Amino acid sequence: MPAHAREQVRVEIEEDERAVTIVERRAPWSDDDPEWTRMPVARLRYTKTRSQWTLYWCDRNGQFHEYDTAPTTHVEELLAEIDRDPTGIFWG
């Protein structure tokens with residue numbers, strides 16, 4: 001995140017035993033609500049039996065859908081796809 005935006009926007013991860021979810025967090029809109037908002041961006045799900053990662057995108061209702069890319073053993077490839085975001089589905 002650029003230094004000038006760090007007080008307004010954060011990118012964080014949430015982990016569980018089978019997945020990592022990338023989340024965008026935004027600063028509170030008003031003093032009445034001091035909580036940062038949370039918007040899921042992508043999920044990387046791991047399948048242990050195949051040692052593969054699969055990429056999912058999140059719709060406006062918070063539901064995840066498989067992204068049109070093949071599962072891979074190289075999670076870096078999926079992270080690069082999220083960063084590149086050729087369809088605008090992750091970062092808009």
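Me: How many positive and negative side chains does the chain have, and how far apart do the centres of the two sets lie?

Reply: Welcome! In this predicted model, the chain has 12 positive and 19 negative side chains. The centres of the two sets lie 4 Å apart. Lys and Arg count as positive, Asp and Glu as negative, so His has no part in these totals.

Me: What makes the pattern of this chain β-β-β-β-β-α?

Reply: The chain has five strands and one helix. Read along the sequence, the strands come before the helix, giving β-β-β-β-β-α.

Me: Why are Val-20, Ile-22 and Trp-53 said to belong to a nonpolar core?

Reply: A nonpolar core joins buried residues of certain kinds, Val, Ile and Trp among them, through side-chain atoms within 4.5 Å. Val-20, Ile-22 and Trp-53 are in the largest such set, which has 12 residues, so they meet that description. Strand 2 (19-26), strand 3 (37-47), strand 4 (52-58) and helix 1 (75-84) each give two or more residues to this core. Nonpolar side chains tend to be buried together in soluble globular proteins.

Me: Which residues does Ile-82 touch, not counting those up to four places away in sequence?

Reply: Ile-82 touches Ile-22, Ala-42, Leu-44, Leu-55, Phe-90 and Trp-91. Contact means heavy atoms within 4.5 Å, so each of these residues has a heavy atom within that distance of Ile-82.

Me: What does it take to be called buried, and what percentage of the residues count as buried?

Reply: A residue is buried when its relative accessible area is under 20%. Of the 92 residues of the chain, 30% count as buried.

Key. Residues numbered from 1 in each chain as written. Predicted model: local features only at pLDDT ≥ 70, side-chain atom pairs only at ≥ 80, totals over all residues. Heavy atoms only, no water. Helix = DSSP H or I, 4+ residues; strand = E, 2+ residues; numbered from the N terminus. Buried < 20%, exposed > 50% of the residue type's maximum accessible area, 1.4 Å probe, protein only. Charge placed at Lys NZ, Arg CZ, Asp CG, Glu CD.
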